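Please look at the model below before reading on. The questions that follow can be worked through one at a time.

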Amino acid sequence: MNSMKFKTNLKCGGCVATVTPFLDKLVGHDHWQVDLADAQKTLTVDVEKASAEEVEKAVQEAGFKAEKL
């Protein structure tokens with residue numbers, strides 16, 4: 001399993017709640033997390049099949065931005 005990190009513009013628990021169904025659908029419930037205390041609001045995703053582009057697209061579909069670090 002690969003781990004990828006993304007810089008995001010997620011700011012709060014509400015933002016995380018909004019993006020949750022999109023990331024859960026793509027990679028599964030226990031395979032991602034967001035560090036809201038980090039300055040870059042880092043999203044860490046453990047993936048087997050999804051690409052960085054697919055993760056970025058899922059976050060964008062929720063209305064936010066993600067950029068691979």
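What follows is a set of questions and answers on this predicted model.

Q: Which residues does UniProt list for "domain: HMA"?
A: The name comes from an unreviewed UniProt entry. Over the stretch concerned, the chain is 37% helix and 28% strand, and the end C-alpha atoms are 20 Å apart. The record lists this domain as residues 1-67.

Q: Are helices H1 and H2 roughly parallel or roughly antiparallel to each other?
A: Helix H1 covers residues 13-27 and helix H2 covers residues 52-61, and they pack at an angle of about 150° with their axes 8 Å apart. Angles over 145 degrees count as roughly antiparallel. The two helices, H1 and H2, are therefore roughly antiparallel.

Q: How many nonpolar residues are in the contact of H1 with H2?
A: H1 passes H2 in a right-handed crossing. On the side of H1 the contact is made by Val-19, Phe-22, Leu-23 and Leu-26, while H2 brings Glu-54, Val-55, Ala-58, Val-59 and Glu-61. Sorted by class, this contact has two charged residues, no polar ones, and nonpolar residues numbering seven.

Q: Is Ala-62 buried or exposed?
A: Ala-62 is found in the loop between H2 and strand E4, which spans 66-68. Leaving aside residues up to four places away in sequence, Ala-62 touches Thr-18, Val-19 and Phe-22. Its relative accessible area is 13%, and because buried means under 20%, Ala-62 counts as buried.

Q: How many Å apart in space are Ala-62 and Ala-39, C-alpha to C-alpha?
A: Along the sequence, Ala-62 and Ala-39 are 23 residues apart. In space, taken from C-alpha to C-alpha, the separation of Ala-62 and Ala-39 is 21 Å.

Q: Which residue has a positive phi although it is not a glycine?
A: The residue is found in the loop between strand E2, at 32-35, and strand E3, at 42-47. It is partly exposed, with a relative accessible area of 22%, a value that lies between the cut-offs of 20% for buried and 50% for exposed. Its phi is about 50°, and the residue is Lys-41.

Q: What is the relative accessible area of Thr-42?
A: The place of Thr-42 is in strand E3. Not counting residues up to four places away in sequence, Thr-42 touches Lys-5, Phe-6, Gln-33, Val-34, Asp-35 and Leu-69. Thr-42 is buried, and its relative accessible area is 11%.

Notes
Residues numbered from 1 in each chain as written. Predicted model: local features only at pLDDT ≥ 70, side-chain atom pairs only at ≥ 80, totals over all residues. Heavy atoms only, no water. UniProt positions renumbered as here; feature names shortened; annotations may be inferred. Helix = DSSP H or I, 4+ residues; strand = E, 2+ residues; numbered from the N terminus. Axes fitted to C-alpha atoms, helices over the stretch in contact; angles between N-to-C directions. Parallel < 35°, antiparallel > 145°, perpendicular 65-115°, else oblique. Left-handed = near helix turned anticlockwise from the far one by under 90°. Contact = heavy atoms within 4.5 Å. Nonpolar A, V, L, I, M, F, W, Y, C, P; charged D, E, K, R; others polar. Buried < 20%, exposed > 50% of the residue type's maximum accessible area, 1.4 Å probe, protein only.
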